[in-house]
Amino acid sequence: MITAWMNTHLLSFLVFAPLVLGLILLCLPERLAPMAKLLGFLGALAVFVISLVHFLRLGGYSYVENLPWMTLVNIPVDYHLTLDGLNFWLVLLTTFLTPLTLLGTWNSLKERAGLAFALFLMLETGMLGALLAQDLFLFYLFWEAMLLPMYFLIALWGGEERRYASLKFMLYTLAGSLLWLVALLYLAGKAGSFAPALMAQTAQAFPARVQGLLFLAFALAFAIKVPLFPLHTWLPDAHTEAPTMGSVILAGVLLKLGTYGFLRFALPIFPKATLHYAQPLAILAVIAIIYGALVAMAQKDIKKLVAYSSVSHMGFVMLGLASLTVIGTQGAMLQMLNHGISTGALFLLVGMLYDRAHTRMIADFGGIASRMPIFTFFFLVVTLSSIGLPLTNGFVGEFWILNGTFTSSLPWGRVFASVASLGVLLGAVYMLWMVKRAFWGPENTGEHSGTGHLSQDLNSREIAVMVPIVVLIFWMGLHPQTFTAISERPVAELLAPLQPSAPTQLAEVAR
């Protein structure tokens, strides 16, 4: 039984400490940028250490802060934060990746680095707030608050097409959020509250058509953030044009807010609509898996290749959620963490390569392995985890998702799992083909080739960034129960109305 530690204010500290630190960094002049970077990194590291120490003591408890806040059009809004089995590891992933990304991109930004670190810390506040918020209006506020820091990170420090990419990112997300806000206010007005439990009771009394329309409004906002095909087109542009720190946190955490929104709110509030739309969501997920892999295979830019791989990998997460089984959903939650670690690491490594070579084109390289053996080792390990090699983190998540879909009581489960499994094969094709050409292919001897600039391997700072990632890759692959034990009961309870036979499936597979 999970009990709660009420109003400890630890969650508020973790959410708003990065914001306060970011505001302090904004006040520092540009000539103090080195000090701003150091303060930002140490502050983010302190938030991670505090979260790690306190959360690992969680055991059978959850942290809860719940206080009345304000009234919006006669509807009470609560300041309600909760840490439980559904968001535990996502919160830790956020606090872990933030200092790691700041350290890994220490010298990547040549101008206004202090401002970039400040915006990055403010973005951390938005992500943590969205993950912890239980009142849906509070969740919406944090959801929207994430947009501005990410927009400015892309627009100010991105590539040549940064303005186009940042505007596209903003417009896509806002378009979905506005329709979602209308549905949210309508449902809250009927329920008299923004509390998910009360909104669920009210929604289940609605006619099927109304519940379906409300679900679609929620699903649109979350699907854009995932992003789910065909709403994915903003992602490759945002990833490619964003600075390295923006790409890492976008892949590592921001995309997970979409799938988390489905899991935390859309599924439990609209169970009938979830059952009705499970198959269409699964169809879009399978298309994303295959389409993302095929388009990634055609890319000439390493960063854009990794960006399209995110479309494919997040398709697996959506397929696991659509299976409505405990094993599939647990696999989806594990795959969220896997993708955050592996793809975040790939963007870090691509950024380290770009800082030296000033190009990301595969054709500009060749022979990287002979010039940067340490870099090659880390890149190869992360690549193997990304394609789901057994004993690495990617294998377990994808296997559980495909297993849950295949064994689902839904009539389409076996066909969709079989087609989606092709995505695993295609993932190995585009990643290993890129590695073969760039790392072991013939050196590009052109005047402006990338390989010619590779005179220095990873330094001690960059190695320090990659070592904990590699440790996690093998830990999650060898002992996934560490990362799924806390979520098994909440997931089984959430899916009980939708899949009564699901709770026993994960235990059977684990044995």
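Does Leu-391 count as buried or exposed, and at what relative accessibility?

1. The model discussed here is a predicted one. In it, Leu-391 counts as exposed, because its relative accessibility is 53% and the cut-off for that class is over 50%. Leu-391 is placed in the loop between helix H16 (373–386) and helix H17 (393–406), and its phi is near 85°, which is a positive value in a residue other than glycine.

2. A second leucine with positive phi is Leu-324, a residue other than glycine whose phi is near 60°. Leu-324 belongs to the loop between helix H13 (302–322) and H14. Its relative accessibility is 1%, so Leu-324 counts as buried, whereas Leu-391 counts as exposed.

3. The pairing of helix H1 (residues 10–26) with helix H4 (residues 113–132) deserves a careful look, since the two pack at an angle of about 160° with their axes 8 Å apart. That angle makes H1 roughly antiparallel to H4, because angles over 145 degrees are counted in that way. The crossing of these two helices, H1 and H4, is left-handed.

4. On the H1 side, the residues that meet H4 include Leu-11, Leu-14, Val-15, Phe-16 and Pro-18, while on the H4 side the residues that meet H1 include Phe-117, Leu-121, Met-122, Glu-124 and Leu-128. Taken by kind, the residues of this contact between H1 and H4 comprise 17 nonpolar, four polar and one charged.

5. Turning to the interior, the largest nonpolar core has 191 residues, and those with the most contacts inside it are Phe-55, Phe-139, Phe-262 and Phe-375. Helix H14 (residues 326–357) supplies the largest share of this core, namely 17 residues.

6. Which residues does Phe-262 touch, not counting residues up to four places away in sequence? With that exclusion, Phe-262 touches Ala-219, Phe-222, Ala-223 and Val-226, then Leu-267, Pro-268 and Leu-281, and also Met-318 and Leu-321. One of these partners, Val-226, is also joined to Pro-227 by a cis peptide bond, with omega about -5°.

7. Where does Pro-227 lie? Pro-227 is in the loop between helix H9 (208–225) and helix H10 (234–241), and Pro-230 also has its place in the loop between H9 and H10. The peptide bond leading from Phe-229 to Pro-230 is likewise cis, with omega near 5°, so a reader following the backbone here may wish to look at both bonds.8. Leu-284, found in helix H12 (residues 271–297), is in contact with Leu-228, Phe-229 and Pro-230 once its neighbours within four places in sequence are left aside. Leu-284 counts as partly exposed because its relative accessibility is 27%. Between Leu-284 and Ala-175 there are 20 Å in space, C-alpha to C-alpha, and the two are 109 residues apart in sequence.

9. The last residue considered in this note is Phe-406, which has its place in helix H17. Phe-406 is partly exposed, with a relative accessible area of 37%. Leaving aside neighbours within four places in sequence, Phe-406 is in contact with Gly-413, Arg-414, Ala-417 and Ser-418. Phe-406 and Phe-395 are eleven residues apart along the chain, and their C-alpha atoms are separated by 16 Å.

Conventions:
Residues are numbered from 1 along each chain as its sequence is written. This is a predicted model: local features need pLDDT of at least 70, side-chain atom pairs count only at pLDDT 80 or more; totals for chains, interfaces and linings use all residues. Side-chain values use heavy atoms; hydrogens and water are left out. Axes are lines fitted to C-alpha atoms, for helices over the stretch in contact, and angles run from 0 to 180 degrees between N-to-C directions. Helices (H or I, at least four residues) and strands (E, at least two) are DSSP runs, numbered from the N terminus. Angles under 35 degrees count as roughly parallel, over 145 as roughly antiparallel, 65 to 115 as roughly perpendicular and the rest as oblique. A crossing is left-handed if the near helix is turned anticlockwise from the far one by less than a right angle, and right-handed if clockwise. Contact means heavy atoms within 4.5 Å. Ala, Val, Leu, Ile, Met, Phe, Trp, Tyr, Cys and Pro count as nonpolar, Asp, Glu, Lys and Arg as charged, and the others, Gly among them, as polar. A nonpolar core is a set of buried Ala, Val, Leu, Ile, Met, Phe, Trp, Tyr and Cys residues joined through side-chain atoms within 4.5 Å. Buried means under 20% relative accessible area, exposed over 50%, partly exposed in between (1.4 Å probe, protein chains only).
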